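Student: I have a protein model open and would like to learn how its labels are earned. Could we go through it together?
Tutor: Gladly. Let us look at it first.

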Amino acid sequence: MKKGSFIILPLIIGAVLLYLFYGDDYQVVEETDAAEHLTVDRYTAELQDSPEIQGYKLFTDEEGKTIVVLSLGSENKGKGIDVSGVGEDEEGTVITVELTEEETGKDNPYIIISLDSVTEPLFVQTEGGLFFDEIE
């Protein structure tokens, strides 16, 4: 019985460590869930009324998580956005997104990303290296 616990315990510890180091510390927020955060919901409605807005805007939810709303602007009308990855390095937190040909029907496509933690400064970029500016 003791031999079994010497095998199982390290496996459990290894799985927990893998999750801590490689687990996602972000979530893509569905539009229906964004309605719970009135400020974000109003802002996403504003993006459709002002499709020229391009960049990202930061919000904080009631749990203290950072909410990032990235809008592509009217030049990318109808395109989709997927998160390729979120990482941290010595320079800060980097969100990398991929633009897709998925038809969204939005005049100003956007994505809502919830981050468990952010190391300043925050960078938001495409896989191709296009950086987005923060919207105040």
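Student: How many helices and strands does the protein chain have?
Tutor: Its secondary structure comes to 3 helices and 8 strands. Along the sequence the pattern reads α-β-α-α-β-β-β-β-β-β-β. Keep in mind that this is a predicted model.

Student: What share of the protein chain counts as buried?
Tutor: Of the 136 residues, 35% count as buried. The accessible surface comes to about 8,700 Å², and 54% of that belongs to carbon and sulfur atoms.

Student: Why is G73 called buried?
Tutor: Set the value against the cut-off: buried means under 20% relative accessible area. G73 has 2%, so G73 is buried. You will find G73 in the loop between β3 and β4.

Student: Which residues is G73 in contact with?
Tutor: Leaving aside neighbours within four places in sequence, G73 is in contact with P51, I53, Q54, D107, N108 and P109. The C-alpha atoms of G73 and K106 are 9.8 Å apart, while the two residues are separated by 33 positions along the chain.

Student: What makes T100 buried?
Tutor: The same kind of reasoning works. T100 has a relative accessible area of 13%, and the limit for buried is under 20%, so T100 is buried. T100 sits in strand β5 and touches K79, G80, I81 and D82, not counting residues up to four places away in sequence.

Student: Now the charges. How many salt bridges are found in the whole structure?
Tutor: A search of the whole structure finds 4 salt bridges. Let us test some of them.

Student: How do you know that E63 and K65 form a salt bridge?
Tutor: The N to O distance between their side chains is 3.8 Å. The definition asks for a Lys or Arg nitrogen within 4 Å of a carboxyl oxygen of Asp or Glu, so the pair of E63 and K65 qualifies.

Student: Are E63 and K65 buried or exposed, and how do you tell?
Tutor: E63 has a relative accessible area of 59%, and exposed means over 50%, so E63 is exposed. K65 has 23%, which falls between the 20% and 50% limits, so K65 is partly exposed.

Student: What makes D116 and K65 a salt bridge?
Tutor: Their closest N and O atoms are 3.4 Å apart, and the limit is within 4 Å, so D116 and K65 pass the test. D116 lies in the loop between β6 (110-115) and β7 (122-126), and K65 in the loop between β2 (55-60) and β3 (66-71), so this pair ties together parts that are 51 residues apart in sequence. D116 has 37% relative accessibility, so D116 counts as partly exposed.

Student: Why do E101 and K79 count as a salt bridge?
Tutor: Their side chains meet at 3.8 Å, N to O, and that is within 4 Å, so the label fits. E101 lies in the loop between β5 (92-100) and β6, and K79 in the loop between β3 and β4 (80-89), so the pair ties together parts that are 22 residues apart in sequence. E101 is exposed at 66%, whereas K79 is partly exposed at 25%.

Student: Which residues are joined into one network?
Tutor: Salt bridges that share partners join E63, K65 and D116.

Student: Which residue in strand β1 should I look at?
Tutor: Try Q27, found in strand β1 (residues 26-29). Q27 touches K65, I112, I113, S114 and D116, not counting residues up to four places away in sequence. The C-alpha atoms of Q27 and D116 are separated by 8.5 Å, and the two residues are 89 apart along the chain.

Student: Why is Q27 called partly exposed?
Tutor: Its relative accessible area is 32%, between the 20% and 50% limits, so Q27 is partly exposed.

Student: Which residues form the negative surface patch?
Tutor: The patch is formed by D82, E98, E102, E103 and E127. Take E103, in the loop between β5 and β6: at 62% relative accessibility, over the 50% limit, E103 counts as exposed.

Student: What kind of peptide bond joins E120 and P121?
Tutor: A cis peptide bond, with omega about 0 degrees. P121 is in the loop between β6 and β7. Most peptide bonds are trans.

Key: Residues are numbered from 1 along each chain as its sequence is written. This is a predicted model: local features need pLDDT of at least 70, side-chain atom pairs count only at pLDDT 80 or more; totals for chains, interfaces and linings use all residues. Side-chain values use heavy atoms; hydrogens and water are left out. Buried means under 20% relative accessible area, exposed over 50%, partly exposed in between (1.4 Å probe, protein chains only). Helices (H or I, at least four residues) and strands (E, at least two) are DSSP runs, numbered from the N terminus. Patches are made of residues with over 30% relative accessible area and no salt bridge: like charges are joined within 9 Å, nonpolar side chains (Val, Leu, Ile, Met, Phe, Trp, Tyr) within 5 Å. Accessible areas come from the Shrake-Rupley method with a 1.4 Å probe; for residues, only the protein chains shown count as cover. Lys and Arg count as positive and Asp and Glu as negative; His and the chain ends are not counted. The place of a charge is taken as NZ of Lys, CZ of Arg, CG of Asp or CD of Glu. Contact means heavy atoms within 4.5 Å.
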